[in-house]
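Trainee: I am new to this one. Can we go through it term by term?
Mentor: Yes. Ask what each word rests on.

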Amino acid sequence: QLQLVESGGGLVQPGGSLRLSCVASGFTLDYYVIGWFHQAPGKEREGVSCISISGRVTVYADSVKGRFTISRDSAKNTVDLQMESLKPEDSGSYYCAAARDPARISSYNCLYDYNHWGQGTHVTVSS
């Protein structure tokens, strides 16, 4: 089974930046759409961003559009989430997930059948 591991979380000041990484072990991510999800304490998990297999299609939640950037690196078998202009509401756990080769890619949402999930990495935005 594909194992995903997130890293890069930590404490950052409001307005600061953080880069999260998702690395697959044992298998390649080249056949998967990858999504990033955010869960604040006591809140439901919500989609943040996703990227197509080719990397040509990216989707962002309105709350992070213009601030976050998703990218993938086949050589490193990773998908990153560059987070800029961070706000306290961005705090919480971030998870990456992989959906195996969907039949079609949406330019508007990240609603795929995610087969694998990482354990999460925590982000705290506070002064």
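**Terms and evidence**

Mentor: Strands S4 and S9 run antiparallel and are joined by eight bridges. This is a predicted model, where local features need pLDDT of at least 70, side-chain atom pairs count only at pLDDT 80 or more, and totals for chains, interfaces and linings use all residues. Residues are numbered from 1 along each chain as its sequence is written, and side-chain values use heavy atoms, with hydrogens and water left out.

Trainee: What makes S4 and S9 a pair?
Mentor: Two strands pair if DSSP finds at least two bridges between them. S4 and S9 have eight bridges, so they pair by that rule. One bridge joins Ile34 to Ala98 in S9. A strand here is a DSSP run of E with at least two residues, and a helix is a run of H or I with at least four; both are numbered from the N terminus.

Trainee: Which other strand is joined to S4?
Mentor: Strand S5, residues 46-51, is joined to S4 by five bridges, again antiparallel. Gly35 has Cys50 as its bridge partner in S5. The hairpin of S4 and S5 has six residues between the strands, and there Gly42 takes a positive phi near 75 degrees.

Trainee: Why is S4 called mostly covered?
Mentor: Seven of the eight residues of S4 (32-39) are buried. Buried means under 20% relative accessible area, exposed over 50%, and partly exposed in between, with a 1.4 Å probe and protein chains only.

Trainee: Why is Phe37 called buried?
Mentor: Phe37 has 10% relative accessibility, so it counts as buried.

Trainee: How do you know that Phe37 and Tyr114 form an edge-to-face pair?
Mentor: Rings of Phe, Tyr and Trp (its six-membered ring) pair if their centres lie within 6.5 Å; planes under 30 degrees apart count as stacked, over 60 as edge-to-face and the rest as tilted. The structure holds four aromatic pairs. For Phe37 and Tyr114, the centres are 5.1 Å apart and the planes stand at 90 degrees, hence edge-to-face. This pair links distant parts of the chain: Phe37 is in strand S4 and Tyr114 in the loop between S9 and strand S10 (116-117), 77 residues apart. Tyr114 is buried, at 11% relative accessible area.

Trainee: Why is the pair of Phe37 and Trp117 called tilted?
Mentor: The centres of Phe37 and Trp117 are 4.7 Å apart, with 45 degrees between the planes. That angle is neither under 30 nor over 60, so the pair counts as tilted. Phe37 in S4 and Trp117 in S10 are 80 residues apart. Trp117 is partly exposed, at 32% relative accessibility. Ring pairs link Phe37, Tyr112, Tyr114 and Trp117 into a cluster.

Trainee: How do you know that the charged end of Arg45 sits over the ring of Trp117?
Mentor: The rule asks for NZ of Lys or CZ of Arg within 6 Å of the ring centre and within 35 degrees of the ring normal. The charged end of Arg45 is 4.0 Å from the centre of the Trp117 ring and sits over it. The charged end of Arg45 also sits over the ring of Tyr95, 5.8 Å from its centre.

Trainee: What makes Arg67 and Asp90 a salt bridge?
Mentor: A salt bridge is a side-chain nitrogen of Lys or Arg within 4 Å of a carboxyl oxygen of Asp or Glu. Arg67 and Asp90 meet at 2.8 Å, N to O, so they qualify. Arg67 lies in the loop between strand S6 (58-60) and S7, and Asp90 in the loop between S8 and strand S9 (92-100), so the pair ties together parts that are 23 residues apart in sequence. Arg67 and Asp90 are buried.

Trainee: How many salt bridges are there by this rule?
Mentor: The count comes to four. Among them, Lys65 pairs with Asp62 at 3.3 Å between the closest N and O atoms. Lys65 and Asp62 are exposed. Another one joins Arg100 and Asp101, at 3.9 Å from N to O.

Trainee: Why is Arg100 called partly exposed?
Mentor: Arg100 has a relative accessible area of 44%. That is not under 20% and not over 50%, so it falls in between.
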